[in-house]
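Visitor: I am new to this structure, and I would like to look closely at a single part of it. Please choose one place and then connect it, step by step, to what lies around it.

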Amino acid sequence: MKEVHYQDIVNSVASMCQDANYELGEDVMNAFKNAAKQEVSFMGKEVLNQLIENANIASSDRVPMCQDTGVSVFIVELGQDCHIVGGSLYDAINEGVRNGYEEGYLRYSIVDDPIHRKNTGDNTPSVVHIELVPGDDLVIHMSAKGGGAENMSRLQMLKPSDGLEGIKNFILETVQIAGPNACPPLVVGVGIGGNFEICAYLAKKSLFRPVGERSDQQHVAKLEEEIMNDVNKLGIGPQGMGGSTTALDVKVELAPTHIAALPVAVNLNCHASRHKKAIL
Amino acid sequence: MSRIKIDVPFKNESEITSLNAGDQVSIWGTIYTARDAAHKRMVEHLEAGKELPFDIKNQVIYYVGPTPAKPGAVVGSAGPTTSTRMDKYTPTLLDLGLKGMIGKGYRNQDVVDSIKVNKAVYFGAVGGSAALISRAIKKVEMVAFEDLGTEAIRKIEIEDFPAVVINDIEGNDWYKMAVEEYCK
């Protein structure tokens with residue numbers, strides 16, 4: 001049985017937190033550059049060029065590209081033959097976040113209680129989802145999820161008779177209501193099926209896939225493409241300044257569901273789409 | 001397209017009334033930072049009969065919660081946050097003489113109306129462009145509510161701060177105008 005040490009998890013998480021905030025992903029940078037070439041609006045193009053320049057400054061100065069350095073969200077694939085030694089996995093992840101945010105001069109954006117709202121002062125607790133998988137690897141996916149786009153995300157329990165049209169309408173409506181608030185161009189994460197919490201989780205999980213990569217299921221890939229075209233006809237454009245780039249990408253994940261149900265969740269991500277991966 | 005240079009705090013009403021939704025501007029001068037918690041506390045102070053921690057007349061508020069400054073830096077990354085969350089408090093501040101706001105995203109109808117009545121202006125900056133925008137910030141001074149950390153009120157000096165006029169005194173909304181132009 002493979003052993004993974006507590007401190008290695010702490011160190012890996014700390015550097016992912018910093019890299020996610022300093023270094024725009026290559027997938028996103030490519031999407032920016034393509035969008036800047038194709039964008040039809042002058043101001044939309046200006047915004048995209050400003051975002052490219054911003055990413056270059058963040059990377060060269062090792063400073064956060066956005067002041068909202070986010071909630072640290074983790075999806076952990078824990079191999080069932082992997083043994084974590086020296087402490088709990090949850091503690092290791094939170095210690096990594098604490099170290100990464102403090103040493104990296106990242107902002108603390110978590111309050112301890114949604115009513116009393118006192119800042120915890122170290123950006124913990126993080127959000128951790130653990131999936132048990134075959135094998136002995138520990139794979140940690142990290143996302144620094146900003147508040148602006150998260151606030152505009154929505155979930156609805158549709159009726160099976162609403163069908164594909166109902167699903168598409170709900171997604172478009174969500175992007176439209178979000179407008180400039182969610183920091184477009186967006187990555188639109190969609191979960192369809194499962195139940196109330198599963199579809200929300202799928203929407204979140206879809207955002208961890210690289211920008212520009214289609215689903216490996218053909219019918220889902222087609223759906224992603226269709227929704228992307230429709231979203232980009234809305235005219236919102238980069239930062240709501242108008243244009244043809246409202247979304248950089250659309251991701252869809254499906255799950256089996258109840259005969260009476262058609263849950264749909266739309267989790268929006270801002271243009272930075274900060275996600276990192278480590279294999280231990 | 002050249003940007004219109006704006007000096008703040010504002011001195012004359014004509015500097016605001018001449019601005020139109022969609023104008024690209026470069027802002028120079030002194031402004032104050034405040035976001036959710038600082039707005040809540042400012043309005044609570046007013047309700048308790050206390051004064052605001054700074055003279056708000058003719059001033060501009062920037063909705064931002066910067067990251068901590070690295071050693072030797074003036075400020076950390078400092079891009080705009082979503083303005084909608086400040087809408088509840090904004091008309092009160094506009095009635096007291098606040099003339100400008102910098103943020104990102106829609107304002108509600110109460111704010112749009114109050115901007116019109118009070119002859120003020122709402123600017124949008126590029127959300128997520130925080131490393132670039134921080135280069136426009138030359139000086140930072142703590143003003144009030146230091147216990148709020150990133151959400152404290154700070155006085156900042158800016159040079160060539162890039163923004164766009166979103167809501168002008170005519171009640172125009174650039175976000176709506178832009179969508180209408182490009183929606184297929």
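Guide: What follows starts from one glycine and widens from there.

This is a predicted model, in which local features need pLDDT of at least 70 and side-chain atom pairs count only at pLDDT 80 or more, while totals for chains, interfaces and linings use all residues. Residues are numbered from 1 along each chain as its sequence is written, and chains are lettered from A and ligands numbered from 1 in the order in which they are written.

The place to begin is B:Gly79, which sits in the loop that runs between β3 (60-62) and α3 (90-95) of chain B; helices (H or I, at least four residues) and strands (E, at least two) are DSSP runs, numbered from the N terminus. B:Gly79 counts as buried because 29 C-beta neighbours lie inside 10 Å, where buried stands for 20 or more other C-beta atoms within 10 Å, exposed for 12 or fewer, and partly exposed for what is in between, with C-beta atoms placed from the backbone. Although B:Val64 is 15 residues away along the chain, its C-alpha atom is 6.3 Å from that of B:Gly79. Leaving aside neighbours within four places in sequence, the contacts of B:Gly79 (C-beta atoms, placed from the backbone, within 7 Å) include B:Val64, B:Ala125, B:Gly127 and B:Ile133, and also A:Cys66 and A:Gln67 from chain A.

Those two residues of chain A lead on to the meeting of the chains, where 41 residues of chain A are in contact with 33 residues of chain B. On the side of chain A, the elements that give two or more residues are α3 (42-61) and α5 (147-151), and α3(A) has the largest share, with 8 residues. By class, this side of chain A holds 18 nonpolar, 18 polar and 5 charged residues; here Ala, Val, Leu, Ile, Met, Phe, Trp, Tyr, Cys and Pro count as nonpolar, Asp, Glu, Lys and Arg as charged, and the others, Gly among them, as polar.

From the loop of B:Gly79 one can also turn to β3 of chain B (60-62) and to B:Ile61, which touches B:Ile31, B:Tyr32, B:Ala34, B:Leu98 and B:Met101, not counting residues up to four places away in sequence. B:Ile61 is one of the residues that touch the most other members of the largest nonpolar core, which has 107 residues, and others so placed are A:Leu186, A:Val188, A:Val190, A:Val264 and B:Phe123. Such a core is a set of buried Ala, Val, Leu, Ile, Met, Phe, Trp, Tyr and Cys residues joined through C-beta atoms within 7 Å. Strand β7 (residues 153-167) of chain B gives the most to this core, with 8 residues, and apart from the core lies another, of 24 residues, including A:Val73 and A:Ile93.

Some loops of the two chains deserve a last look for their backbone. Most residues other than glycine have a negative phi, and most peptide bonds are trans. In the loop between β1 (4-8) and α1 (14-17) of chain B lies B:Pro9, joined to B:Val8 by a cis peptide bond with omega about 0°. In chain A, the peptide bond from A:Thr124 to A:Pro125 is cis, with omega near 0°, and A:Pro125 belongs to the loop between α4 (89-103) and β4 (127-133). A:Asn123 is also in the loop between α4 and β4 of chain A; its phi is positive, near 65°, and A:Asn123 counts as buried, because it has 24 C-beta neighbours inside 10 Å.
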